[in-house]
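User: I'm new to this one and would like to know what stands behind the labels people put on it. Can we go through them one at a time?

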Amino acid sequence: MDKKQLYESLLPQVSALLQGETNPVTNMANFSAVLFHGLPDLNWVGFYTVQGEELLLGPFQGRPACMRLKKGKGVCWAAAASGQTVVVKNVHDFAGHIACDGATNSEIVVPVRVNGEIWGVLDIDSPEVGRFDETDKLFLEKAVETFVKNTQF
Ligand code: SME
């Protein structure tokens, strides 16, 4: 199964899992788990939510992570501040990258937009260099849209 086919089978599972539940914490928790266990070569999947000038750690799968990310530094804030998905092929080449797990070598961060405002980010890390590409970006953005549609904020 190639990457596109894998996402095409995973996205309906994401949708089914969130169906009928609207609590943000509950949906972030199961969303993280289904992606973490459904996609290969990941070491971390989780959410940060915007709390003023900080991004606060939310539900995740993986090793314990940095709890508060201060505005202006790191990949998560780059995505939150620009409102665009950020794909980092090698985190060691990204100035200001915040290392929570030494195993991480690449990362993708998808902004979570609610009613036009950046509400948080989905952050996914991999031990493989260059793990994430345009296909991941496309399908993870769709997955985040499903999360937003099913959730009451
Ligand atoms: N690497 C992120 C911090 C969060 S951890 O990867 C879970 C960043 O640079 O913002």
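User: What makes up the shell around the ligand, by class?

Analyst: This is a predicted model, and in it the shell has seven nonpolar, two polar and three charged residues. The residues in question are W44, Y48, A65, G74, V75, C76, H97, I98, C100, E107, D123 and D125.

User: How do you know that these residues are around the ligand?

Analyst: The cut-off is a heavy atom within 4 Å of the molecule. W44, Y48 and A65 are among the residues listed on that basis.

User: Why is the pairing of D125 with the ligand called a polar contact?

Analyst: The pair has to be N or O atoms within 3.5 Å. A polar side-chain atom of D125 is 2.9 Å from a ligand oxygen, so the pair qualifies as a polar contact. H97 also has a polar side-chain atom by the ligand, 3.4 Å from one of its nitrogen atoms. V75 takes part through its backbone instead: a polar backbone atom there is 3.0 Å from an oxygen of the ligand.

User: How much of the ligand does the protein bury?

Analyst: On its own the ligand exposes 310 Å², and the protein buries 99% of that. The space the ligand takes is the largest cavity.

User: Which elements give two or more residues to that shell?

Analyst: Those are β1 (44-51), α3 (74-82) and β6 (117-126). Of the elements, α3 gives the most, with three residues.

User: V75 has come up already. Why is V75 called buried?

Analyst: Buried means under 20% relative accessible area. V75 has 3%, so the label buried fits. V75 is part of helix α3, and its C-alpha is 8.7 Å from that of V87, twelve residues away in sequence.

User: And what makes W44 buried?

Analyst: The reasoning runs the same way: W44 has a relative accessible area of 2%, and the limit is under 20%, so W44 counts as buried. W44 belongs to strand β1. Its C-alpha is 14 Å from that of V110, which is 66 residues apart from W44 along the chain.

User: How do you know whether N27 is buried or exposed?

Analyst: Look at its relative accessible area, which is 1%. Buried takes in values under 20%, so N27 is buried. N27 sits in helix α2, and a polar atom of its side chain is 2.8 Å from the backbone oxygen of E21.

User: Why is N115 called exposed?

Analyst: Exposed needs over 50% relative accessible area. N115 has 78%, so the word applies. You'll find N115 in the loop between β5 (106-114) and β6. Its phi is positive, about 50 degrees, although N115 is not a glycine.

User: Then what makes D41 partly exposed?

Analyst: Partly exposed is the class between buried, under 20%, and exposed, over 50%. D41 has a relative accessible area of 43%, so D41 falls in between. D41 is in the loop between α2 (24-38) and β1.

User: What is there to say about phi of D41?

Analyst: Phi of D41 is near 60 degrees, which is a positive value in a residue other than glycine.

Methods:
Residues are numbered from 1 along each chain as its sequence is written. This is a predicted model: local features need pLDDT of at least 70, side-chain atom pairs count only at pLDDT 80 or more; totals for chains, interfaces and linings use all residues. Side-chain values use heavy atoms; hydrogens and water are left out. A polar contact is a pair of N or O atoms within 3.5 Å; within protein, one must be able to donate a hydrogen and the other to accept it, and residues adjacent in sequence count only if both atoms are side-chain atoms. Accessible areas come from the Shrake-Rupley method with a 1.4 Å probe; for residues, only the protein chains shown count as cover. On a 1 Å grid over the protein atoms alone, a cavity is a set of points where a 1.4 Å probe fits but cannot get out, and a pocket is an open set with protein on both sides within 12 Å along at least five of seven lines; lining residues have an atom within 4 Å of a point. A molecule sits in a cavity or pocket if more than half of its atoms lie within 2 Å of its grid points. Helices (H or I, at least four residues) and strands (E, at least two) are DSSP runs, numbered from the N terminus. Ala, Val, Leu, Ile, Met, Phe, Trp, Tyr, Cys and Pro count as nonpolar, Asp, Glu, Lys and Arg as charged, and the others, Gly among them, as polar. Buried means under 20% relative accessible area, exposed over 50%, partly exposed in between (1.4 Å probe, protein chains only).
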